[in-house]
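Here are some short exercises with worked solutions. Have the sequence and the 3D view ready.

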Amino acid sequence: MSNNYKMETKCIQSGWEPKQGEPRVVPIYQSTTFKYDTSEQMGRLFDLEDSGYFYTRLQNPTNDVVANKICDLEGGVAAMLTSSGQAANFYAIMNICEAGDHVVCASALYGGTYNLYAHTIKKMGVDATFVDPDASEEEISNAFRENTKALFGETISNPALVVLDLEKFAKVAHEHGVPFIVDNTFATPINCRPFEWGADIVTHSTTKYMDGHATSVGGCIVDSGNFDWGAYGDKFSCLTKPDETYHGIVYTEKFGKDAYITKATAQLMRDLGSIQSPQNAFLLNLGLETLHLRVPRHCENAKKVAEFLQNHKKVSWVNYPDLKDDKYYTLAQKYLPNGSCGVLTFGIIGGRDASVTLMDNFKLAAIVTHVADSRTSVLHPASHTHRQMNEKELLEAGVQPDLIRFSVGVENVDDIIDDLAQALELV
Ligand SMILES: *Cc1c(COP(=O)(O)O)cnc(C)c1O
């Protein structure tokens with residue numbers, strides 16, 4: 001696809017360019033497997049000598065079309081879909097880490113990602129150190145060790161709504177010779193393209209705005225192609241030294257800028273699975289076609305809702321990066337000049353118990369374990385997504401115990417505000 005097209009055009013057109021007589025819309029290749037004429041041809045695929053499809057656990061044409069669209073939107077060189085955002089963040093790290101390694105992460109993270117890095121990868125021998133996203137370069141730097149392989153953060157953290165200083169994090173990562181991996185789920189490439197600020201790898205929970213309609217769980221990993229693995233060959237020997245499971249091929253030599261994604265596909269997908277189903281990829285693609293229309297409306301609605309809450313006497317605080325007095329307003333203006341996201345958080349007078357009562361009073365906003373849906377939804381992280389955390393962990397993740405996460409949909413904003421008004425009235 002022409003790189004000169006604007007984002008709106010890419011949302012619609014990228015990824016699928018049918019030839020004469022082919023379907024206008026990407027078909028769902030609902031097939032586990034693909035046929036070859038000779039045994040030799042099939043064998044070459046298993047040696048990574050030829051590229052081609054052979055088994056949907058590794059690759060599927062529908063998935064690749066959609067991954068390529070997201071790749072184009074982010075301005076990357078290669079991308080892959082995963083079965084979930086969790087799988088994307090797991091693979092993004094484990095593609096370059098093994099037992100004995102270490103990663104540094106901004107502490108304001110999605111609850112699932114926090115668990116994944118604080119507990120699950122630890123059991124696999126990979127340690128994580130969490131740093132305050134507002135820490136100085138020196139403080140972030142001090143968290144690095146000899147065996148550190150990556151720095152990780154979220155563009156806009158879920159649910160703390162911390163806007164990450166991407167340039168600061170990229171600089172520290174690169175000073176230590178490791179890639180900076182950014183989960184760009186909340187911003188989406190419509191509002192921020194982290195590669196433009198020095199990120200090397202971007203991940204997504206496509207379950208959120210990209211799908212946008214709460215139909216399909218999915219994830220994506222995009223590589224900028226900018227990180228020079230070869231320059232730190234000993235540290236990233238998994239990419240720069242022979243892979244015995246493929247007759248000793250060296251990913252960086254054979255695949256150049258595609259090395260990272262090829263390895264993740266050829267090794268991790270082969271051995272661990274977690275592919276997105278082609279049916280889900282098809283639905284995700286429909287979502288992507290309107291991403292550029294929905295995201296600005298989410299932001300416009302969220303700003304009006306945030307202003308309404310800010311002026312309400314029963315509301316004790318509101319976090320939304322586009323509010324002028326928000327702690328992250330300046331960073332949001334820099335990295336997200338067209339708007340941040342449709343999610344905001346607030347607390348009400350009466351604290352945790354009042355928050356729970358308020359939630360039960362909503363008529364339009366639905367209590368669901370979800371955000372970034374076209375329908376307005378609401379959640380109390382301390383009781384739901386983050387309930388496994390103790391108070392200290394909650395505060396480190398930027399989640400106050402009374403915090404209500406309100407995901408503003410694309411309904412008429414007056415109806416959303418009316419719902420909030422009547423629910424607050426009853427508290
Ligand atoms: C939801 C979410 C995830 C996890 O994605 P799933 O698709 O639910 O597995 C990861 N990161 C962020 C920022 C999220 O919002």
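## Exercise 1: The ligand shell

Find the residues that come nearest to the ligand.

Solution. Step one: 16 residues surround the ligand, and Gly85, Asp183, Ser205, Thr207 and Lys208 come nearest (near: a heavy atom within 4 Å). This is a predicted model, where local features need pLDDT of at least 70, side-chain atom pairs count only at pLDDT 80 or more, and totals for chains, interfaces and linings use all residues. Residues are numbered from 1 along each chain as its sequence is written, and side-chain values use heavy atoms, with hydrogens and water left out.

Step two: sort the shell. Three of its residues are nonpolar, 10 are polar and three are charged; Asp, Glu, Lys and Arg count as charged, and Gly is among the polar ones.

Step three: find the main contributor. Helix H4 (residues 85-94) gives the most, with three residues. Helices (H or I, at least four residues) and strands (E, at least two) are DSSP runs, numbered from the N terminus.

## Exercise 2: Ligand oxygens

Find what lies 2.7 Å from an oxygen atom of the ligand.

Solution. Take the side chain of lysine 208: one of its N or O atoms is 2.7 Å from a ligand oxygen. Next, serine 205 places a side-chain N or O atom 2.8 Å from an oxygen of the ligand. At glycine 85, a polar backbone atom is 2.8 Å from a ligand oxygen.

## Exercise 3: An aromatic pair

How many aromatic pairs does the structure hold?

Solution. The count is 15 (ring centres of Phe, Tyr or Trp, its six-membered ring, within 6.5 Å; planes under 30 degrees apart are stacked, over 60 edge-to-face, the rest tilted). Take tyrosine 114 and phenylalanine 130: their pair is tilted, 4.8 Å centre to centre, with 35° between the planes. Tyrosine 114 is in helix H5 (residues 111-123) and phenylalanine 130 in strand S3 (residues 127-131), 16 residues apart.

## Exercise 4: Backbone details

Locate the cis peptide bond at proline 159.

Solution. The bond runs from asparagine 158 to proline 159, with omega near 5°. Proline 159 sits in the loop between strand S4 (148-154) and helix H7 (166-175).

Key: Polar contact = N/O pair within 3.5 Å; in protein donor to acceptor, adjacent residues only side chain to side chain.
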